[in-house]
Amino acid sequence: MNYEAGKLKRPITDEVRSSVVEDLPELNQIKDSTLRAKAIEAWAHALCESSFQRIRDIPGEGNPGVFTLKRGNQADHLRGVAHLAAKIVDEFEGSFPEVRIDRDIVLTGALVHDVGKAWEFDPRNLERWQRDPDRAGEPSLRHSVFGAHVCLAVGLPEEIAHIALGHSREGQHIGLSVECYIVRTADHSWWNLAGALGLLTPESMKAEADKMVRPRHAAEAPLKQARAG
Ligand SMILES: [Fe+2]
Ligand SMILES: [Fe+2]
């Protein structure tokens, strides 16, 4: 099999870097210029290692086949998580000025938390894992694990690699930083609310959806009143 994970399939060019910022314009809000440049590099590296041309080409799903957006792509998810995480920071900083949160780490972490999806969703990898699962694993590495690898490979700080790893299931096995916990909360809330609001395909929600929720169909009919009169 001799598949060289992490080896670039095509060179990283400024065109790829520009497409990353076009798809995730919130990257411009990262104040630390080194952090911003490395976040762009992380996505450029992940894309050039995959068969995806740009972030918006990655399907809008939580995992392959799970939590599938009816409309939209991975960029919509990443931007939504970044918006939500920033609002969480605003709320607590506004109401309790004594809290200490590193906003740049939250924003960067939110924008790169799923950088490993270029790997986990790559059709070439999916085909390879399905063909040879007893040898390769299925998947060999989840996006959270591969994302942490990408973050460290491009020189992002450990705090960001920790968010990439800890935002997802792997986070249950480690202690989470405050910034990771904010991104994880925004991420899980985003998917659960997308499900509740009828934005996900019902078949993709069966195994993972919050059992408490009764999803409402999106924009199929005006909101009916729960109670007559
Ligand atoms: Fe994720
Ligand atoms: Fe996510």
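These exercises, each with a worked solution, concern helix packing, burial and local backbone geometry in a predicted model.

**Exercise 1. Determine how helices α4 and α10 are oriented to each other and which residues make their contact.**

Solution. Begin with the two elements themselves, helix α4 at residues 103-112 and helix α10 at residues 178-196, which pack at an angle of about 45° with their axes 9 Å apart. That angle makes α4 oblique to α10. The handedness is the next step, and the crossing of α4 and α10 is right-handed. On the α4 side the contact is made by I105, V106, G109 and A110, while α10 contributes E179, C180, I182, V183 and A186. Sorted by class, the contact of α4 with α10 has seven nonpolar residues, one polar residue and one charged residue.

**Exercise 2. Establish how far α4 is covered, and by which helices.**

Solution. Counting comes before naming: eight of the 10 residues of α4 are buried, and the helix is thus mostly covered. The buried residues are I105, V106, L107, T108, G109, A110, L111 and V112. As for their surroundings, these buried residues of α4 pack against α2, α3, α8, α9 and α10.

**Exercise 3. Describe the packing of α8 against α9, and then the burial of α9.**

Solution. The axes of α8 and α9 come within 7 Å and cross at roughly 170°. Angles over 145 degrees count as roughly antiparallel, and α8 and α9 are therefore roughly antiparallel to each other. Their crossing is right-handed. In the contact itself, S144, V145, G147, A148, C151 and L152 of α8 meet I160, A161, A164 and L165 of α9. By class, this contact of α8 with α9 has eight nonpolar and two polar residues, with no charged residues.

Turning to burial, α9 is mostly covered, with seven of its nine residues buried. The buried residues are I160, A161, H162, I163, A164, L165 and G166, and what covers them includes α4, α8 and α10.

**Exercise 4. Work out the geometry of the α1 and α2 pair and the make-up of its contact.**

Solution. Helix α1, residues 14-23, packs with α2 at an angle of about 115°, and the two axes are 9 Å apart. That makes α1 roughly perpendicular to α2. The crossing of α1 and α2 is right-handed. The residues in contact are V16, R17, V20 and V21 of α1, together with I40, W43, A44, L47 and C48 of α2. In terms of class, the contact of α1 with α2 has eight nonpolar residues, no polar residues and one charged residue.

**Exercise 5. Identify the members of the largest nonpolar core that touch the most other members, and say which helices supply the core.**

Solution. The largest nonpolar core holds 51 residues, of which A42, W43 and C151 touch the most other members. Its helical contributors can then be listed: α2 (33-48), α3 (74-95), α4, α5 (117-120), α8 (143-153), α9 (158-166) and α10 each supply at least two residues. To follow one of these members outward, take A42, which touches V112, V115, V150, C151, V154 and L156 when residues up to four places away in sequence are not counted.

**Exercise 6. Decide whether H77 is buried or exposed, and find its contacts beyond neighbours in sequence.**

Solution. H77 is found in helix α3. A residue counts as buried if 20 or more other C-beta atoms lie within 10 Å of its own, and H77, with 25 such atoms, is buried. Leaving aside neighbours within four places in sequence, H77 is in contact with G60 and W190. A separation can be added for L111, which is 34 residues from H77 along the chain, and here the C-alpha atoms of the two residues are separated by 9.5 Å.

**Exercise 7. Locate P139 and F67, and describe the backbone feature at each.**

Solution. P139 is found in the loop between α7 (133-136) and α8, and the peptide bond from E138 to P139 is cis, with omega near -5°. F67 lies in strand β2, residues 66-73. Although F67 is not a glycine, it has a positive phi of about 55°. F67 is also buried, with 22 other C-beta atoms within 10 Å.

Methods
Residues numbered from 1 in each chain as written. Chains lettered and ligands numbered in written order. Predicted model: local features only at pLDDT ≥ 70, side-chain atom pairs only at ≥ 80, totals over all residues. Axes fitted to C-alpha atoms, helices over the stretch in contact; angles between N-to-C directions. Helix = DSSP H or I, 4+ residues; strand = E, 2+ residues; numbered from the N terminus. Parallel < 35°, antiparallel > 145°, perpendicular 65-115°, else oblique. Left-handed = near helix turned anticlockwise from the far one by under 90°. Contact = placed C-beta atoms within 7 Å. Nonpolar A, V, L, I, M, F, W, Y, C, P; charged D, E, K, R; others polar. Core = buried A, V, L, I, M, F, W, Y, C linked by C-beta atoms within 7 Å. Buried ≥ 20, exposed ≤ 12 C-beta atoms within 10 Å, placed from the backbone.
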